[in-house]
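Student: I'm new to this structure and would like a close look at a single part of it. Please pick one spot and walk me through its surroundings.

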Amino acid sequence: MLVGRFIPRHWVLIVAASGTHLSCYEPSSGSVRLVEVDDVRRARLTGLGYPRTFAFVVPRALRNSTRSATH
């Protein structure tokens with residue numbers, strides 16, 4: 001997840017998700033921070049250094065489970 005204030009500044013890694021919370025690895029502190037999904041939607045992030053989400057990088061689902069990730 002790319003976060004920032006006025007422009008994108010910092011990447012954090014979402015390591016787990018529940019219905020209402022995301023567990024985010026924050027690399028500058030080396031810790032996992034709990035973030036409410038509603039705070040992501042409303043640009044009110046705390047504990048990640050910046051309040052606003054700019055982008056997400058998500059994996060593409062494989063159509064055939066026997067294919068390798070490189071093909």
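**A close look at H10**

Tutor: Let's start with the company H10 keeps: leaving out residues up to four places away in sequence, H10 touches M1, L2, V3, E26, P27, S28, L48 and Y50. Touching, or contact, means heavy atoms within 4.5 Å. Before going on, note that this is a predicted model, where local features need pLDDT of at least 70, side-chain atom pairs count only at pLDDT 80 or more, and totals for chains, interfaces and linings use all residues. Residues are numbered from 1 along each chain as its sequence is written, and side-chain values use heavy atoms, with hydrogens and water left out.

Where does H10 belong? H10 is part of strand β2; strands (E, at least two residues) and helices (H or I, at least four) are DSSP runs numbered from the N terminus. H10 counts as buried because its relative accessible area is 17%, and the cut-offs are under 20% for buried, over 50% for exposed and partly exposed in between (1.4 Å probe, protein chains only). Across the chain, 25% of the 71 residues are buried.

One partner deserves a longer look. The side chains of H10 and E26 make a polar contact at 2.5 Å. (That's a pair of N or O atoms within 3.5 Å; within protein, one must be able to donate a hydrogen and the other to accept it, and residues adjacent in sequence count only if both atoms are side-chain atoms.) E26 lies in strand β4 and is buried too, with a relative accessible area of 4%. Setting aside neighbours within four places in sequence, E26 is in contact with H10, V12, S31, R33, G47 and L48. You'll spot L48 beside H10 as well.

Some of these neighbours sit far along the sequence. H10 and Y50 are 40 residues apart along the chain, yet their C-alpha atoms are separated by 8.0 Å. E26 and G47 are 21 residues apart, with 8.5 Å from C-alpha to C-alpha. For the chain as a whole, take the contacts between residues at least 6 apart in sequence: 33% of them join residues at least 24 apart.

Now step back to the strands. β2 (residues 8-11) runs antiparallel to β1 (residues 2-4), and three bridges join them; DSSP must find at least two bridges for strands to pair. A hairpin through three residues links β1 to β2, and L2 stands opposite W11 in β2. E26's strand, β4, has a partner of its own: β3 (residues 13-17) pairs with β4 in the antiparallel sense over four bridges. There are three residues between β3 and β4 in their hairpin, and I14 stands opposite C24 in β4. In all, the chain has one helix and six strands, in the order β-β-β-β-β-α-β.

What fills the largest nonpolar core? M1, V3, V12, L22, C24, V35, V37, V40, L45 and L48, 10 residues altogether. β4 (21-26) and α1 (37-41) are the elements that give two or more residues to it. Such a core is a set of buried Ala, Val, Leu, Ile, Met, Phe, Trp, Tyr and Cys residues joined through side-chain atoms within 4.5 Å. Among H10's contacts, M1, V3 and L48 belong to this core. Another core member, L22, is in contact with I14, A16, A17, R33, L34, V35, V37 and V40, again leaving aside neighbours within four places.

One last stop is A43, in the loop between α1 and β6 (52-55). A43 has a positive phi of about 55°, although A43 is not a glycine. Most residues other than glycine have a negative phi. A43 counts as partly exposed because its relative accessibility is 34%.
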